[in-house]
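Visitor: Please choose one part of this protein and take me closely through its surroundings. I would like each term explained when it is used.

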Amino acid sequence: MQKLQCDVVVVGAGPGGSMAAKYAAEGGLSVLLLEKKAEIGAPLRCAEGVSKKWLKEMGIEPDPKWISADMDGAIIVSPSGHRFKLDESHAGNEVGYVLERHLFDKALAEMAAVAGATIMMRTSCTGVIKEDGKLVGVYANRMGEPLEIRAKCVVAADGFESQVSRWAGLDTSIDLKDMDSCLQYRMANIDVEPNYCEFVLGSAAPGGYLWIFPKGNGRANVGIGVQGTKCKRGADAKYYLDKFVNEDPRLKDGQILEIVAGGVSTCPGLDDTVLDNFLAVGDAARLIDPITGGGIAHACQSGMYAGQVLVDCAKEGDFSKAALQVYDTMWRDSMEDKLVRNWIAKEKFATLDDKILDDVVLAINDSDIKEVNVYNLLKVIKDKYPDLMSEMEDLF
Ligand SMILES: Cc1cc2nc3c(=O)[nH]c(=O)nc-3n(C[C@H](O)[C@H](O)[C@H](O)COP(=O)(O)OP(=O)(O)OC[C@H]3O[C@@H](n4cnc5c(N)ncnc54)[C@H](O)[C@@H]3O)c2cc1C
């Protein structure tokens, strides 16, 4: 078995892993970034929406190479078809650009490479190495060749289905109600508004929503997320998405170019994201927005924090849980409040029937609300249906 040694081994070259690798390598650490697939960013498992504001905050310079379409805003569609249009600055974290994720992810991995990280493709992490209970690295398999990689710290960036976090010892269990089952068709020859991301609410997507994210030239990502507990035999994500596609006249001549299936977590992050010599970032730490299902921004941000903290830990020669806790605190300070609030609000939204959702969208239309965010939505519901919100006073 080939034996390798490094300061940090990062498992998974998605946005979270690449950002962690980039920042750790920039700080002078030796970094191995393992990716099990043959191509970074493919196959696609994303609707590819991100806000411009967030890219700026991350210091990621927009590049036309990985931008598929530039959005002017979003349209919220009520169950009976009322449409509420809002401009891009008020449309939330998943509206701004629709990306070419396979190119975006490669661009981030390239940044990690330029910073000095070594990228190992078709290299699947198969387990963690523990000695006397201490995590000292990972086992991997590179195109049939077994590897033993020793590292001072292991970073789990292996996405929603993360095994590395569980192998390391974190409790990654999740309730079915805190998962959405997603299906998406990349469609061509359709007739949708080219510069607006569309979100369709209500029983057409139980516990979740349908989306149309345009990609220019009559193409769009048309997808759905359905709450895990609401998926039934014969009424799953495919059933609801096909119904929507068949019934919307704008999509009737469309052809499917690509099918994307995957899960997103809709809970507020893992209770622990660090252990001795270990941390988890992005989807592996369940840092997805429970309302929107968006996780690119959180993956990048947590990856960046992780890389920065690893550099500090290396200076002190201390990768203990106590030292890595700084990372856990950083991501919690920046996003935990919102994750928890949206998690509670998601529960509430999932109980609203179509009539109430129609009323809410109409009320937003009539109100002076400029920004559709969770707080404003809940406030509208509270004004119209005070009884419904009585148990949610804390959120206000
Ligand atoms: C249908 C769908 C639509 C979505 N739409 C949006 C959206 O519009 N906007 C948004 O912000 N978010 C969206 N998301 C969520 C978003 O895709 C994720 O939050 C984001 O990709 C998380 O990045 P990550 O780096 O944590 O994980 P990932 O991007 O999942 O990367 C994990 C990487 O680890 C690799 N890996 C896994 N196991 C191993 C192993 N054992 N060894 C080596 N490599 C391994 C994988 O191959 C993968 O490359 C969507 C998700 C789904 C499923």
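Guide: Two residues touch, or are in contact, if their C-beta atoms, placed from the backbone, lie within 7 Å. In that sense serine 30 touches Cys6 and Asp7, leaving aside residues up to four places away in sequence. This is a predicted model, in which local features need pLDDT of at least 70 and side-chain atom pairs count only at pLDDT 80 or more, whereas totals for chains, interfaces and linings use all residues. Residues are numbered from 1 along each chain as its sequence is written.

Serine 30 is a suitable place to begin. Its position is the loop between H1 and E2; helices (H or I, at least four residues) and strands (E, at least two) are DSSP runs, numbered from the N terminus. A residue is buried if 20 or more other C-beta atoms lie within 10 Å of its own, exposed if 12 or fewer, and partly exposed in between. Serine 30 is partly exposed because it has 18 C-beta neighbours inside 10 Å. Between the C-alpha atoms of serine 30 and arginine 250 there is a separation of 52 Å, and these two residues are 220 places apart along the chain.

From this loop one can pass to the strands. Two strands pair if DSSP finds at least two bridges between them. Strand E1 (residues 2-11) and E2 pair in the parallel sense, over four bridges. Within this pairing, valine 8 has valine 31 in E2 as its bridge partner. E1 also runs parallel to strand E11 (residues 145-156), to which nine bridges join it. There, glutamine 5 is matched with arginine 150 in E11.

Valine 8 deserves a closer look. Not counting residues up to four places away in sequence, it touches Ala24, Leu29, Val31, Ala151, Lys152, Cys153, Val155 and Leu310. One of these contacts, valine 155, has its place in strand E11. Valine 155 is buried because 31 other C-beta atoms lie within 10 Å. Under the same exclusion of residues up to four places away, the contacts of valine 155 include Val8, Val10, Ala20, Leu279 and Ala306. Methionine 143 is 12 residues from valine 155 in sequence, and their C-alpha atoms are 21 Å apart in space.

These valines also belong to a wider group. A nonpolar core is a set of buried Ala, Val, Leu, Ile, Met, Phe, Trp, Tyr and Cys residues joined through C-beta atoms within 7 Å. The largest such core has 120 residues, and those that touch the most other members are Val8, Val9, Val10, Val31, Leu33, Val154 and Val155. H6 provides the largest share of this core, 10 residues.

H6 leads on to the ligand. For a residue to be near a molecule, its C-beta atom, placed from the backbone, must lie within 6 Å of it. There are 41 residues around the ligand, of which Gly12, Gly14, Gly159, Gly282 and Gly295 come nearest. Among the elements that each supply at least two residues of this shell are helix H1 (15-26), strand E9 (123-131) and helix H6 (296-316). Ala, Val, Leu, Ile, Met, Phe, Trp, Tyr, Cys and Pro count as nonpolar, Asp, Glu, Lys and Arg as charged, and the others, Gly among them, as polar. On that basis the shell holds 18 nonpolar, 15 polar and eight charged residues.

The protein has three assigned domains: domain 1 (2-45 + 102-173 + 270-341), domain 2 (49-99 + 176-265) and domain 3 (352-395). Such bounds come from an automatic or database domain assignment. Domain 1 and domain 2 each give at least three residues to the shell around the ligand. The centres of domain 1 and domain 3, taken over C-alpha atoms, are 38 Å apart.

Lastly, some backbone details may be noted. Alanine 42 and proline 43 are joined by a cis peptide bond, with omega of about -5°, and proline 43 lies in the loop between strand E2 (31-34) and E3. Asparagine 277, in the loop between strand E17 (274-275) and strand E18 (278-280), is a residue other than glycine with a positive phi, near 60°. Asparagine 277 counts as buried because it has 23 C-beta neighbours inside 10 Å.
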